[in-house]
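Visitor: I'd like a close look at one part of this structure. Please take me through the interior.

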Amino acid sequence: MKIPWRIPWRIASVTAVAALFGGLFVHDVSSAEEAQVITCTHTWTMTFEPALTLTPQPSVTARIGSPNGALDNCTGDPAVTTADFVSAGVGKNVTCGAGTYSSRPEAANHATWNATSGTPAMDYSWSLQPVSDLLNVRTPLSGGITRGRYQGGTWTAVIDAARSTIPLADCSAPGGLKSLKVSGTLVITTPA
C-alpha cells in the first residue's frame, strides 16, 4: 500500500534544496567591492638640482618638499578631505624640453591623509613628462600606489595652466630652471 503524502513531501524537499543551491548560483555579485575614485585639487612646488637648462644633464634630482605638496577638497572617500605629500625622483640626461623623471624606490614618496578612519598614509611611485610638456599632455604626472591607503591603485595629475607657474624662460637663463609651482586636479582610482 502506497502512502500518498510522501510524494508531495519529497517534491517539497527537492524544491527546497534546489532553491537553496540555486540561490547560491544567482547570488548578487554587486555587493563585491567596486573601484573607488577619489578626486582632489593638488598644489606643489618641485625643485631641480642641478637646475634644468637647455643642455642635457647626466642626472637631475626632482623634489617636492618644503613646502610639502598639498591635496585639498577631496571627494570620493568620506574619511578624507586633505593630504600632504613629499616626493623625490630623478631624470637622466634631461633638459627643460626632453627626458622624463621617475620616483626612486629608496626615496620618500609619501602622502599623509587627514583620515578619520582607515590607514592615514600611502606610498606611491610616479613618472613625470618633460617639464616643457607639463601643460600640453593630458596626464603629465602619474603613478601607482605601492603601500598603505588605496594600495594597488593608480593616480594621475592634470595641471591647470591658469593656476600654475612654470617659468620655461629660466631654462635659457644663466642660473637655469630651479623650481616650478603647479596646481590642478589629482584622481586616484582604487583597484576593484
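How many residues does the largest nonpolar core have, and which of them have the most contacts inside it?

Guide: First, a caution: this is a predicted model.

The core comes first. The largest nonpolar core has 38 residues. Phe48, Tyr101, Trp113 and Leu180 have the most contacts inside it. Many strands feed this core: strands 1, 2, 3, 5, 6, 8, 9 and 10 each supply at least two of its residues. Strand 1 gives the largest share, 6 residues. For orientation, strand 5 spans 110-113 and strand 8 spans 141-148.

Next, the empty space. Rolling a probe the size of a water molecule over the atoms shows where such space is left. A search of the whole structure turns up 1 cavity of 30 Å³ or more. Its lining has 16 residues, and the closest to the centre are Phe85, Tyr124, Leu141, Trp155 and Leu186. The volume of the largest cavity is about 150 Å³.

Which strands line the largest cavity with at least two residues each? They are strand 1 (37-52), strand 2 (57-75), strand 3 (83-94), strand 6 (121-124), strand 9 (154-159) and strand 10 (177-189). Strand 1 contributes the most to this lining, with 3 residues. Strand 1 also provides the largest share of the nonpolar core. By class, the cavity lining holds 14 nonpolar and 2 polar residues. No charged residue takes part in the lining.

Now strand 9, where Thr154 is found. Is Thr154 buried, exposed or partly exposed? Its relative accessible area is 45%, so Thr154 counts as partly exposed; that class lies between the 20% and 50% cut-offs. Leaving aside residues up to four places away in sequence, Thr154 touches Gly143, Gly144 and Ile145. Thr154 also touches Val187, Ile188 and Thr189. One more pair is worth a look: Thr154 and Pro191 are 37 residues apart along the chain. Their C-alpha atoms are separated by 8.0 Å.

Last, the covalent links. A disulfide is a covalent bond between the sulfur atoms of two cysteines. The structure holds 2 of them. Numbered in sequence order, the bonded cysteines pair 1-2, 3-4.

Take Cys40 and Cys74. Their sulfur atoms sit 2.1 Å apart. The link is right-handed, with 115° about the S-S bond. Cys40 belongs to strand 1 and Cys74 to strand 2, so this pair ties together parts 34 residues apart in sequence. Cys40 is buried because its relative accessibility is 1%. Cys74 is buried too, because its value is 8%. The cut-off for buried is under 20%.

Then Cys96 and Cys171. Here the sulfur atoms are 1.9 Å apart. The torsion about the S-S bond is about -95°, so this disulfide is left-handed. Cys96 is in the loop between strand 3 and strand 4 (101-103), and Cys171 is in the loop between strand 9 and strand 10, so the pair ties together parts 75 residues apart in sequence. Cys96 counts as buried because its relative accessibility is 3%. Cys171 is buried as well, because its relative accessible area is 5%.

Key. Residues numbered from 1 in each chain as written. Predicted model: local features only at pLDDT ≥ 70, side-chain atom pairs only at ≥ 80, totals over all residues. Heavy atoms only, no water. 1 Å grid on protein atoms, 1.4 Å probe; cavity = no way out; pocket = protein on both sides within 12 Å on 5 of 7 lines; lining within 4 Å. Points joined across faces, edges and corners; volume = space filled by probe spheres on them. Helix = DSSP H or I, 4+ residues; strand = E, 2+ residues; numbered from the N terminus. Nonpolar A, V, L, I, M, F, W, Y, C, P; charged D, E, K, R; others polar. Core = buried A, V, L, I, M, F, W, Y, C linked by side-chain atoms within 4.5 Å. Buried < 20%, exposed > 50% of the residue type's maximum accessible area, 1.4 Å probe, protein only. Contact = heavy atoms within 4.5 Å. Disulfide = S-S within 2.5 Å.
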